[in-house]
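User: I am new to this structure and would be grateful for a close look at one part of it, taken step by step. Please then set that part within the rest of the chain.

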Amino acid sequence: MDRFYITTPIYYVNAEPHIGHAYTTIAADVMNRFQRLMGSETFFLTGTDEHGDKIVQAAEAAGVDPKSYADRISAMFRETWPKLNVSHDRFIRTTDPEHMKAVQHILQKVHDSGDIYFSTYKGLYCVGCERFYTEKELVEGKCPDHDREPVEREEANYFFRMSRYQDWLRDHIQSHPDCIRPERYRNEVLSFLKDPLEDLCISRPKERLSWGIPLPFDDRYVTYVWFDALINYVSALGYPDGPLFHQFWPVAQHTIAKDILKPHGIYWPTMARAAGFPPFRHLNVHGYWRTEEGKMSKSHGTVVRPLDLAPLYGVDAFRYFLMREMVFGLDANFSEEALVQRLNSDLANDLGNLFSRTTGMTDRYFQGKIPPFGSEPDEQDRSLMARMESTLDQWRTEMPRLAFHKTLMAVWECINAANKYVDQAAPWTLAKDPGQLPRLQTVLRMLLEINKGVAVLISPFMPETSEKMLQRLGMDKKALDLRLEEDGKWGTLEAGSPVHKGEALFPRIQKEEQKKDKPSKTPAKPKPSGNAFEKPSAGEEAQSISLDLFKQVDLRTGIVKEAERVPGSDRLLRLLVDMGEERQVVAGIAQTHSPEDLVGRQVIVVANLKRAKIMGVESQGMVLAVRDGDTLQLVTTESPLSPGLKVS
Ligand code: MSP
């Protein structure tokens with residue numbers, strides 16, 4: 001059985017989880033779920049990085065000791081991930097005793113082999129930061145955080161002989177083209193390696209920093225935080241002797257953002273080499289999320305907290321947005337508006353609509369039972385099946401390359417092809433002719449199978465939605481237990497087993513809802529009060545109309561013959577209504593009514609309304625409807641009547 005090991009960075013406990021952390025962790029989760037679906041044995045690691053001066057400073061600012069501070073923030077990370085449906089196997093903390101032991105083991109080993117030496121370091125030291133700076137890091141000769149010139153200082157420390165591994169690392173990266181990906185980051189590391197590599201200072205004197213792992217060979221010092229943190233990737237597997245280390249380390253993949261490329265691309269593989277084990281198999285590097293105000297960071301205070309948005313819009317919508325919007329490797333912009341836009345269009349309109357019309361028609365035409373395939377597949381069916389097949393191929397090739405956005409685009413092309421298939425196959429017309437029953441069976445069965453296939457393919461991204469869809473199609477399985485080989489097979493739904501339409505998978509978000517937690521610029525309009533039987537006030541009296549005037553409105557009964565979306569609009573439908581004569585009417589009901597649900601429905605139409613063009617389509621009347629909050633209901637008659645009767 002194939003194995004797969006994926007990690008996220010271990011996050012510093014000096015800030016609460018935010019959208020940047022959420023992206024990396026969800027991306028790793030998506031990969032992990034994908035590999036499980038493909039049948040691999042997987043291990044997924046995340047955790048927190050708790051030593052070093054950053055943490056000491058944050059704890060001091062909060063007025064607590066470093067350990068209590070680390071406990072509190074680490075718990076926040078630990079509690080965040082399950083809420084985002086992250087399915088990690090292990091949450092490591094660098095304060096875990098086994099981790100500390102593994103760090104000391106490696107330090108001792110590398111020291112014994114002669115790759116750690118003691119030396120005096122002279123450099124530019126910022127007293128405010130309590131650390132050395134390189135010339136390059138300074139801004140106009142000053143510390144970027146304190147705007148102060150650093151002082152020259154000499155300090156005796158331990159150094160890792162990193163320079164010794166420079167040639168080996170360059171050769172390794174050149175002979176393993178995809179070990180750092182996408183390629184731009186591989187090139188970046190290779191270009192670092194063009195300059196001579198300096199040895200790495202791996203200790204801090206205790207008098208300057210005591211919050212760290214003591215060096216096993218000199219207890220006056222603690223370990224530099226990066227040398228400590230990177231080792232989490234093997235200590236979590238029980239390095240050096242644990243069975244997990246032997247099973248999973250050879251297939252290790254790290255997921256990080258570009259900010260920590262150097263420690264991962266240079267320090268870590270050379271450390272591994274010096275300690276006697278091979279480097280990671282892949283280092284997957286993504287870009288940065290920016291908010292509208294500029295690059296997002298903890299220090300700029302423009303942090304978007306994932307937990308604020310995920311419950312508001314749904315965890316799956318949030319996960320989908322992050323994976324669909326960012327091209328892995330490049331930066332992306334985050335905005336709540338863009339999230340809502342994707343939710344309404346891709347999720348509610350495309351996927352939600354396909355599922356609800358498929359299950360709705362199964363309800364209507366087959367009493368909610370999965371039909372068998374009836375007639376032989378025709379050209380349309382074959383082309384839809386071919387589309388599903390090619391989507392699956394793309395999914396299989398793009399996912400291991402982390403091309404999440406491309407994978408999702410391919411799945412959505414398939415969803416849109418299926419929506420088009422519904423319009424072309426017109427099951428509502430087939431349903432009127434008993435002779436067409438075998439064809440109707442095939443059309444619905446095709447659609448049900450496509451929905452099942454889509455549910456399986458989206459399960460790494462949207463596990464809850466996938467489970468919900470499969471359950472309503474009669475397959476009760478947890479997303480993590482799905483296996484493509486058995487659950488992704490075409491044609492395996494059970495004829496006769498029940499299908500449940502259920503609530504909309506993704507209710508549309510109205511503009512007002514999106515803004516509901518934000519202060520409104522315009523004062524809220526008072527809600528209309530009273531009912532039709534209340535005595536009108538004097539002001540209302542002036543607005544009332546005479547019976548004669550009302551009679552001028554020509555209201556007629558009508559039956560919807562055809563319905564389709566108005567291209568380019570997610571609100572409008574074009575209806576062809578039989579009112580004795582046929583009329584084309586544009587109605588703003590697409591968000592609550594799907595076209596096929598309308599065909600055959602009795603409606604009331606204002607027949608003598610001035611003709612108007614709406615989004616380029618002529619409307620020759622108006623369909624009456626009543627809005628109640630989010631729901632919109634068509635006005636109709638107690639029982640169906642002939643078309644064209646006058647309402648009075
Ligand atoms: N503790 C180190 C990592 C040690 S790993 C052995 C660290 N921690 S961190 O809390 O600063 O996390 C950095 C990581 O958080 C990034 O590499 C990335 O995974 C994620 N992100 C933080 N901000 C981000 C964005 N604005 N956009 C995308 N990801 C970002 O560095």
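Analyst:
## A pair of strands and what surrounds it

In this predicted model, strands β4 and β5 are paired in the antiparallel sense, and three bridges hold the pairing together. One residue pair shows the register: Cys126, on one strand, stands opposite Arg131 in β5. Four residues separate the two strands of this hairpin, and within the hairpin Glu130 has a positive phi near 55°.

Strand β4 covers residues 116–126 and also pairs with β6, again in the antiparallel sense, this time over 10 bridges. In that second pairing, Tyr121 faces Glu155 of β6. β4 therefore has pairings with both β5 and β6, given that two strands count as paired when at least two bridges are found between them. As for the side chains along such elements, in a regular strand they alternate between the two faces of the sheet.

The chain between β5 (131–133) and β6 (151–160) forms a loop, and Glu140 lies in it. Asp147 belongs to the loop between β5 and β6 as well. Both residues have an uncommon backbone angle to consider. Most residues other than glycine have a negative phi, and most peptide bonds are trans. Glu140, however, takes a positive phi near 50° without being a glycine, and Asp147 likewise has a positive phi of about 50°.

Are these two loop residues buried or exposed? Glu140 has a relative accessibility of 79% and so counts as exposed, the threshold being over 50%. Asp147, with a relative accessible area of 57%, is exposed by that criterion too.

The part examined here also supplies members to a nonpolar core. This core has six residues, including Leu124, Tyr133, Leu138 and Cys143, and it lies apart from the largest one. The largest nonpolar core has 182 residues, and within it Trp249 and Phe404 touch the most other members. Setting aside residues up to four places away in sequence, Trp249 touches a group that includes Tyr5, Tyr233, Leu237, Trp268, Phe277 and Phe280.

Elsewhere in the chain, helix α8 (residues 232–235) contains Asn232. The relative accessibility of Asn232 is 0%, so Asn232 counts as buried. Beyond its neighbours within four places in sequence, Asn232 is in contact with Ile10, Leu45, Ile92 and His99. Ser235 is found in helix α8 as well. Its relative accessible area of 6% means that Ser235 is buried, the limit being under 20%. With the neighbours within four places in sequence again left out, the contacts of Ser235 are Arg90, Ile92, His99 and Ala102. Ile92 and His99 thus appear in the contact lists of both Asn232 and Ser235. Ser235 and Gln35 are 200 residues apart along the chain, and their C-alpha atoms are separated by 23 Å.

After this helix comes the loop between α8 and α9 (243–248), where Pro240 has its place. The peptide bond between Tyr239 and Pro240 is cis, with an omega of about 10°. Another cis peptide bond joins Arg181 and Pro182, where omega is about -5°. Pro182 lies in the loop between β7 (180–181) and α6 (183–192).

An open sheet offers a further view of strand pairing. Its three strands are ordered β9-β11-β10 and pair in the antiparallel sense. Because β9 (203–205) and β10 (214–215) each have a single partner strand, they stand at the edges, and one side of each has no neighbour in the sheet. β9 is joined to strand β11 (residues 218–223) by three bridges, and Arg204 has Val222 in β11 as its bridge partner.

Finally, these parts belong to a protein with 23 helices and 26 strands. Its C-alpha trace spans about 100 × 65 × 40 Å along the principal axes. Of its 648 residues, 52% are buried. Among contacts between residues at least 6 apart in sequence, 74% link residues at least 24 apart. The accessible surface comes to about 30,900 Å², and carbon and sulfur atoms account for 50% of it. The protein carries 82 positive and 91 negative charges, whose mean positions are 2 Å apart.

Key
Residues are numbered from 1 along each chain as its sequence is written. This is a predicted model: local features need pLDDT of at least 70, side-chain atom pairs count only at pLDDT 80 or more; totals for chains, interfaces and linings use all residues. Side-chain values use heavy atoms; hydrogens and water are left out. Buried means under 20% relative accessible area, exposed over 50%, partly exposed in between (1.4 Å probe, protein chains only). Contact means heavy atoms within 4.5 Å. Accessible areas come from the Shrake-Rupley method with a 1.4 Å probe; for residues, only the protein chains shown count as cover. Lys and Arg count as positive and Asp and Glu as negative; His and the chain ends are not counted. The place of a charge is taken as NZ of Lys, CZ of Arg, CG of Asp or CD of Glu. A nonpolar core is a set of buried Ala, Val, Leu, Ile, Met, Phe, Trp, Tyr and Cys residues joined through side-chain atoms within 4.5 Å.
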